[in-house]
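Trainee: I would like a close look at one residue with an unusual backbone angle, and then at the parts of the chain around that question. Please keep to what the coordinates support.

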Amino acid sequence: MSGRAGIYVHLPYCASRCGYCAFTVTTDASSRSRYLEALETEAALLSAEAAGASFDSVYLGGGTPSLLPPESIGRLLEVLHERFRIDAGAERTLEANPEDVSPAAVSAWIAAGVNRVSVGVQSLEDGELAAVGRRHDAARALAALQTLASSGLAVSGDLILGLPDQTADTFRRSVAGLCDAGVSHVSVYLLETEKRREIEEDRQEHPERYLSEDRQADLWLEMGATLAGRGLHHYEISNWSRPGSQALHNVKYWTRAPTLGLGISAHELWGGRRRANASHLESYVEQLGRGKRPLASDRAVSAEEAGREEVFLGLRLAEGVPETALEALMGRSEDARLRDDCASWIAEGILERERGRVRFTERGFLISNEVLSRLV
């Protein structure tokens with residue numbers, strides 16, 4: 001296999017569930033030991049299939065991986081290095097919540113091999129954090145970021161735009177505070193209220209608590225200018241980084257690089273096939289106990305589908321996609337209106353052509369979901 005591949009491991013355990021969360025997580029830690037054993041079994045099963053492949057990224061996501069004892073994180077990374085050919089300088093990311101970050105924990109993570117930490121900050125305003133059930137406050141988040149930044153680790157911080165009770169000024173303060181804390185990477189997501197019934201019901205009953213879509217759009221563009229002024233480049237719809245600090249593992253998904261997925265609900269692209277693991281924890285553990293991969297789906301990706309993925313995934317990146325890839329997609333599409341739509345998007349300044357590539361403009365990123373849904 002040419003090029004470097006990535007490994008994603010899903011660790012679903014959380015101390016509590018946040019109001020906006022739509023991921024596969026559990027707050028019951030009683031199965032953790034069995035789950036970690038199952039992950040080791042899955043790694044063993046996958047190692048034969050991945051023989052000869054080289055990996056330059058490992059991503060421990062969740063859930064809240066930082067909840068695991070450092071020795072468990074160390075053991076997991078050790079197993080992965082035993083089973084797979086992982087580059088010595090590979091990016092090894094750990095997702096963490098601020099309340100789990102301490103000087104002792106950071107030292108242990110570094111000793112285990114972690115060299116990048118992605119922190120779920122979400123806001124630096126106490127009221128906004130409380131409104132969606134976050135366990136930390138702003139002071140704790142800032143302390144965590146400062147501890148991580150001073151350790152020499154690469155640090156990424158997440159924010160959410162559109163939280164209950166958020167205002168333009170509080171969002172600006174969160175953006176500035178994150179930058180001042182010394183992070184090298186920022187991810188900003190729009191709150192998707194429709195994915196959690198409680199949040200959507202609150203939005204319908206108390207619309208005054210939420211920024212309008214137009215106000216969010218204005219703030220998104222303003223934020224982009226602020227981050228650019230701070231030296232962070234907008235390289236993907238929701239991600240900004242300093243030079244050389246892009247999330248190597250995540251870029252693999254948008255460029256269709258080969259990735260393995262371990263753990264419940266994990267997805268992978270390997271050997272021209274897309275696979276997804278079972279999302280039920282007990283089923284996952286039980287199947288691996290019988291020496292069987294717990295796959296919920298496993299299908300070949302056709303050449304036509306791969307071409308379509310190249311466009312709708314690649315357009316997420318600021319560099320966009322080759323014009324030839326978009327032309328090929330339009331030529332294969334049975335939707336006669338797609339070519340006219342693409343021409344309209346360019347005429348309206350949503351997409352732009354430059355040096356043989358097509359990409360979103362900054363304003364176009366705001367409605368990227370609408371455009372990308374037409375290309376799937």
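Trainee: Is Gln122 buried or exposed, and what is its relative accessible area?

Mentor: Gln122 has a relative accessible area of 9%, which is under the 20% cut-off, so this residue counts as buried. Keep in mind that the model is predicted. Gln122 belongs to strand E4, which covers residues 116-122. Its phi is positive, about 70°, even though the residue is not a glycine.

Asp165 offers a comparison. Asp165 also is not a glycine and has a positive phi of about 70°. Its setting is a loop, the one between strand E5 (154-161) and helix H6 (168-180). Its relative accessibility is 39%, so Asp165 is classed as partly exposed. A glycine with a positive phi turns up in a hairpin: E10 and E11 are separated by two residues, and Gly271 in that turn has a phi of about 60°. Strand E10 (residues 267-270) and strand E11 (residues 273-277) run antiparallel and are joined by four bridges. Across this pairing, Trp270 faces Arg273 of E11.

One more backbone feature is worth checking. The peptide bond leading from Gly62 to Gly63 is cis, and its omega is near 20°. Gly63 sits in the loop that runs between E2 and helix H2 (70-83).

Now the chain as a whole. It contains 15 helices and 15 strands. Its radius of gyration is 21 Å, close to the 21 Å from the globule rule for 376 residues, so the chain is as compact as a globular protein of that length. Along the principal axes, the C-alpha atoms fill a box of roughly 55 × 50 × 40 Å. Buried residues make up 52% of the 376, and Gln122 is one of the buried residues. Among contacts with a separation of 6 or more, 70% are between residues 24 or more positions apart. The accessible surface is about 16500 Å², and carbon and sulfur atoms account for 48% of that area.

The interior can be described through its nonpolar cores. In soluble globular proteins, nonpolar side chains tend to be buried together. Here the largest nonpolar core has 70 residues, and Phe55, Leu80, Phe84 and Trp109 have the most contacts inside it. Helix H1 (residues 32-49) gives the most to this core, contributing six residues. Apart from it lies another core of 21 residues, including Phe312 and Phe365. Back in the largest core, the contacts of Trp109 beyond four places in sequence include Ser66, Ile73, Asp100, Val117 and Leu148.

Seven aromatic pairs are present in the structure. The rings of Tyr8 and Tyr59 have centres 6.1 Å apart and planes at 25°, so this pair is stacked. Tyr8 is in strand E1 (residues 4-11) and Tyr59 is in strand E2 (residues 54-62), so the pair links parts of the chain that are 51 residues apart. Both members are buried, with relative accessibilities of 15% for Tyr8 and 7% for Tyr59. Phe360 and Phe365 form a tilted pair, 5.5 Å from centre to centre with 40° between the planes. These two phenylalanines are buried as well. Besides the pairs just described, Tyr13, Tyr35 and Tyr284 make up one aromatic cluster.

Phe360 leads on to a small sheet. Three strands form an open, antiparallel sheet in the order E13-E15-E14. Strand E13 (321-322) and strand E14 (351-354) are at the edges with a single partner strand each, so each has one side without a neighbour in the sheet. E14 is joined to strand E15 (residues 357-360) by four bridges. Leu351 has Phe360 in E15 as its bridge partner.

For contrast with the buried Gln122, take Ala139, which lies in helix H5 (residues 138-151). Its relative accessibility is 54%, which is over the 50% cut-off, so Ala139 counts as exposed. Ala139 is 74 residues from Glu213 in sequence, with their C-alpha atoms 29 Å apart in space.

Conventions: Residues numbered from 1 in each chain as written. Predicted model: local features only at pLDDT ≥ 70, side-chain atom pairs only at ≥ 80, totals over all residues. Heavy atoms only, no water. Core = buried A, V, L, I, M, F, W, Y, C linked by side-chain atoms within 4.5 Å. Buried < 20%, exposed > 50% of the residue type's maximum accessible area, 1.4 Å probe, protein only. Contact = heavy atoms within 4.5 Å. Pairing = 2+ DSSP bridges. Rg over C-alpha atoms; globule rule 2.2 N^0.38 Å. Areas by Shrake-Rupley, 256 points an atom, 1.4 Å probe, with all protein chains shown as cover. Phe/Tyr/Trp six-rings, centres within 6.5 Å; stacked < 30°, edge-to-face > 60°.
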